[in-house]
Amino acid sequence: MNWSLIDENAKTWTREAGERIRASFNEKLMIHTKTSPDDLVTNIDRETEQFFIEKIRNTYPDHQILGEEGFGDKIDKLDGTVWIIDPIDGTMNFVHQQRNFAISVAVYHDGVGKIGLIYDVVHDELYHAKAGEGAYLDDIKLPPLKEVAVEQAIIGLNATWITENKRIDPSILAPLVRRVRGTRSYGSAALEMAYVTTGRIDAYITLRLSPWDFAAGLILVNEVGGKVTTLHGEELNLLGQNSVFVCKPGLHETISKEYLSKLEKKA
């Protein structure tokens with residue numbers, strides 16, 4: 001398996017897909033809803049996923065594809081080589097702001113992450129990693145993450161999880177929000193995981209993500225010594241939905257022990 005060539009192709013296709021998305025900014029979008037009025041998908045999401053599928057099928061016909069918009073394969077196990085793709089992570093931002101969204105592409109082999117790419121289309125920033133070779137922002141190698149105290153931490157956290165909701169008792173995370181230096185919410189799981197990788201934020205907590213949301217970010221964070229688990233400290237399921245806790249080393253253990261240990265198992 002020539003992973004260097006796969007990595008090169010993945011980067012080329014991702015940048016080309018980004019160019020296509022930027023070129024669409026002046027077009028009228030066809031916007032549809034999926035599971036709820038706030039779960040948006042556009043013609044550009046679908047066209048971008050189909051673009052990747054065509055490239056992968058023509059170049060690697062024996063590889064499988066798991067994509068958010070459902071144009072890939074029906075996968076119930078991660079045997080062989082599997083591409084996990086989110087053509088636009090942060091569709092609501094794409095629709096409303098034309099910024100703060102990303103293309104997320106990951107390549108796994110027999111369940112092991114080999115290549116992770118997160119491309120901030122508007123800022124033309126490519127976060128990328130090959131297993132065992134470190135993580136990069138464009139051509140700059142990112143240093144290992146350093147430990148930080150809770151009081152000095154900035155955490156990516158949607159306000160939904162500290163107000164009344166169906167998934168978590170808001171009183172569990174509210175004290176953490178009061179204790180940390182600050183919180184942010186960017187509306188794109190892929191970007192928030194990329195920001196943990198670079199140290200722009202120190203942690204990211206969310207209650208429900210699908211594999212295409214976190215597959216690339218998981219590879220990136222691991223390459224700089226970060227930790228990614230469910231909120232209960234378990235490994236992520238790459239074929240299902242998960243709560244996700246991404247964090248710098250040390251901080252992960254502290255927040256898990258002092259806050260997340262109070263969660264009911266359903267979170």
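How many nonpolar, polar and charged residues are there in the lining of the second largest pocket? The close-ups below, taken from a predicted model, start with that pocket and then turn to a sheet and a helix.

**View 1. The lining of the second largest pocket, by class.** Here is the tally for the opening question: the lining has 7 nonpolar, 4 polar and 3 charged residues. The pocket has a volume of about 200 Å³. Of its 14 lining residues, those closest to the centre are Leu-66, Gly-67, Gly-70, Asp-73 and Trp-212.

**View 2. Elements around the second largest pocket.** Two elements, β3 (64–67) and α6 (211–223), each give two or more residues to the lining. Strand β3 supplies the largest share, with 3 residues.

**View 3. An open sheet of 5 strands.** Follow the strands in the order β11-β10-β12-β14-β13, and you will meet mixed pairing along the way. At the edges sit β11 (182–184) and β13 (227–229), each of which pairs on one side only. On average, neighbouring strands of this sheet are turned by 20° against each other, direction ignored.

**View 4. The pairing of β10 with β11.** Strand β10, residues 154–157, pairs with β11 in the parallel sense over 3 bridges. To find your bearings, look for Ile-155, which stands opposite Thr-183 in β11.

**View 5. Helix α5 across the strands.** Helix α5 is made of residues 189–198 and lies across β10, β11, β12 (203–209), β13 and β14 (242–247). Compare the directions of the helix and β12: α5 runs at about 155° to this strand.

Terms used: Residues numbered from 1 in each chain as written. Predicted model: local features only at pLDDT ≥ 70, side-chain atom pairs only at ≥ 80, totals over all residues. Heavy atoms only, no water. 1 Å grid on protein atoms, 1.4 Å probe; cavity = no way out; pocket = protein on both sides within 12 Å on 5 of 7 lines; lining within 4 Å. Points joined across faces, edges and corners; volume = space filled by probe spheres on them. Helix = DSSP H or I, 4+ residues; strand = E, 2+ residues; numbered from the N terminus. Nonpolar A, V, L, I, M, F, W, Y, C, P; charged D, E, K, R; others polar. Pairing = 2+ DSSP bridges. Axes fitted to C-alpha atoms, helices over the stretch in contact; angles between N-to-C directions. Contact = heavy atoms within 4.5 Å.
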